[in-house]
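Please take a brisk tour of the structure below. The text starts at one residue and works outwards to domains and chains.

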Amino acid sequence: MSRIIEKLEILADAAKYDVSCSSSGSNRQNKNKGIGNTGAGICHTYTEDGRCVSLLKILLTNFCIYDCAYCVTRKSNDIKRVAFTVQEVVDLTINFYRRNYIEGLFLSSGIFKNADYTMERLILVAKKLRMDHNFNGYIHLKTIPGASNDLMYEAGLYADRLSVNIEIPIESGLKLLAPEKNRQDMIRPMDYLKQKIMEVKEEKEKFKYTPSFTPAGQSTQMIIGASGETDAQIIKVAQNLYDKFNLKRVYYSGYVPISDDMRLPGIGSAIPFLRENRLYQTDWLMRFYGFKSSELVNEQHPVLDLDIDPKLSWALRNPGFFPVDINNADLHLILRVPGIGLTSAHKIVNARKHGHLDIEQLKKIGVSLNRAKYFIICRGYKQIFCDKPEQLIKSYILNASKSKYSRSNFYQTSLF
Amino acid sequence: MCVIIYDGTWEGWLTLVFEMFEFKVSVTAIYRNEQPLQQDIFVPWKRVTTDKSKAQRVWRGLQLRIPKYAQENLFCAFLSELPQIEATLCSAVCFYFSTVEEGHLAFGRNDVLTIHQTAKMVNRERHRMKAFTRFKKQKNGLYFAVIEPDFNVLPLINEHFMRRYADQRWLIYDTKRDYGIYYNLNLVSEVKLTNETVLLDDMVQLEKDEILYADLWQQYFKSTNIKERKNVRLHVQHVPKRYWKYLTEKSI
């Protein structure tokens, strides 16, 4: 009994740096009065660091033949090594699930023997859950770089989501920090999965009973701030992944210093929280707001502003776009106004059919006027600041807002 | 001008809407049976008796006027049990029944927006209860959970739990409203526990593995946390303290 607790302690601790915990995107139904279904996208609890817990996220083992500098389970690290048996993982998953602790399992592993051998073990867990226990909850498997296509295919039959981590956004960084790995080994499975997912989708349109294959698609993760990359480089890689491999999500994980390796930021150096946050905001703008990555970061502007969000930053650089007329402009223009989110934008477009909106109504709808007011026209309101210089508007906004990231320096309006 | 008293049920409220139209009364306030009534001697009051067929006629009428999600929003807002939410609902429904097209999208109006926002609050609570409900397995094989939601969300979560846990008997009990929902492997029914001691943790007959899995879950909760990223504010924002009481991972 205490043995299994110890294993869980070690193998959950080693898996925690993988930030993905999404459990939505799949629509697996409960079949034949079995256990579980997916699609609810529930976060069952949140850890003290504020991250959601929706899946039982563990490694099958932390034995590993690789020695990647940024990883806690790297071969050269002097830590206790343990391994779950397949049955132990199955029992944990089922029993946690039945008590409504989790939405499913996120299983990854250190690489023991070789890629195929490891991948086979991961598949065995998923297969057992699906076949022996009629488990219809969410399963996210990490695909091991270098595993054969046949195994990837089999994994896709049982899992809702598969992922391969890109780890380091730039290739030179990967070479430096994980010399035994190469980018090609990560890209190849992504490409294979993308092809396969598309094939199955086409087949499904023809034959009703095509078995589903990775219904929640694939995702990946990049470590931020471990290899001196710029935001522009990161975002470019992300856009590429979305465009070329139809990824559902790219996760950005600020590097948590875990090693005194000279190639990496030392222990005690700060985790780039704010940068991570800005990257996610940029990612959202690309996926839901119709922004191109090059609009947000480019050669003239390779680093995201830390003091303001990327949409505001874009707006300040492109004053010609504004003001936007709330009561007449197209949805895609309204989406570009700082302080107006997706929901508010849709509400505005619906509500204005019943009469022109004024500033009070916008406020009630949920628009953040502190930012939006410099960029809009609505009933009875025409902003007078739009021709003011970028720096002035920025200082107005910053002085009127309370950032959750405590700012030490007060922004002073420059007289000249 | 009229104050209306009704039985506090959804059908009761629908009946109330029916009578409001039939007798062309304009409503100033609506009270549930058990609510203390603020007697105003200058305003007449009227008691509405729930009538299924009247309720159904109103509901069918609404189904023709607004899409499904807007109908659900009305029900959710109703379950909020907020004071005078019924009056807001009445005002919005009058608007929906007027000649306006897509009245439910008129977010410039206070009643429509209030319903939308209240429904959102209730839905958040619904989602939370899907997340924060923690079953404890009993010796007799029953998975038992106790909750204390802000709003009356049991009617909104029973289907979710029925679909998900189709092969285990379970009972979710709302101690605030003193009723629960019980699934017997076939269907879900409303139950009321007569013996209050059943709810006391130490009186419950836990299955022998229950403590092991609770321990494992607590261990997992601890180990999956990244200490260097500690952010209590965010943690409490997502898991407000009032829910900790029944969360296995927070009750140590």
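Gln218(A) counts as buried, because 24 C-beta neighbours lie inside 10 Å of its own and 20 are enough for that label. The model is predicted. Gln218(A) sits in strand E7 of chain A, which covers residues 218-224. Leave aside neighbours within four places in sequence, and Gln218(A) is in contact with Arg161(A), Leu162(A), Ser163(A), Met190(A), Leu193(A), Leu247(A) and Lys248(A). Lys248(A) is 30 residues away along the chain, yet the two C-alpha atoms are separated by 5.8 Å.

The UniProt record, an unreviewed entry, lists residues 54-281 of chain A as "domain: Elp3/MiaA/NifB-like radical SAM core". Over that stretch, chain A is 42% helix and 14% strand. The C-alpha atoms at its ends are 22 Å apart.

Now to chain B. It is divided into domain 1 (2-125) and domain 2 (133-246). Their C-alpha centres lie 32 Å apart. Six residues of domain 1 of chain B are in contact with seven residues of domain 2 of chain B. On the domain 1 side, H3 and H5 of chain B each supply at least two residues.

What should the twelve residues of helix H3 of chain B span? At 1.5 Å a residue, the expected value is 16 Å; the end C-alpha atoms of this helix (residues 68-79) are 17 Å apart, which agrees. Buried residues in H3(B) are Ala70(B), Asn73(B), Leu74(B), Cys76(B), Ala77(B), Phe78(B) and Leu79(B). Their cover includes helices H1 (10-22), H4 (85-97), H5 (110-132) and H6 (154-164) of chain B. Just after H3(B), Glu81(B) takes a positive phi of about 60°.

Chain B also meets chain A. In this interface, 41 residues of chain B are in contact with 46 residues of chain A. H5, H6, H7 (210-223) and H8 (232-238) of chain B each give two or more residues to the chain B side. Which element gives the most to that side? H7(B) does, with nine residues.

The table sets out the make-up of two contact sides.

| Side | Nonpolar | Polar | Charged |
|---|---|---|---|
| Chain B, touching chain A | 20 residues | eleven residues | ten residues |
| Domain 1 of chain B, touching domain 2 of chain B | three residues | one residue | two residues |

Technical notes. Residues are numbered from 1 along each chain as its sequence is written. Chains are lettered from A and ligands numbered from 1 in the order in which they are written. This is a predicted model: local features need pLDDT of at least 70, side-chain atom pairs count only at pLDDT 80 or more; totals for chains, interfaces and linings use all residues. UniProt positions are given in the numbering used here, feature names are shortened, and annotations may be inferred rather than shown by experiment. Helices (H or I, at least four residues) and strands (E, at least two) are DSSP runs, numbered from the N terminus. The expected span of a helix is 1.5 Å times one less than its number of residues. A residue is buried if 20 or more other C-beta atoms lie within 10 Å of its own, exposed if 12 or fewer, and partly exposed in between; C-beta atoms are placed from the backbone. Two residues are in contact if their C-beta atoms, placed from the backbone, lie within 7 Å. Ala, Val, Leu, Ile, Met, Phe, Trp, Tyr, Cys and Pro count as nonpolar, Asp, Glu, Lys and Arg as charged, and the others, Gly among them, as polar. Domain bounds come from an automatic or database domain assignment.
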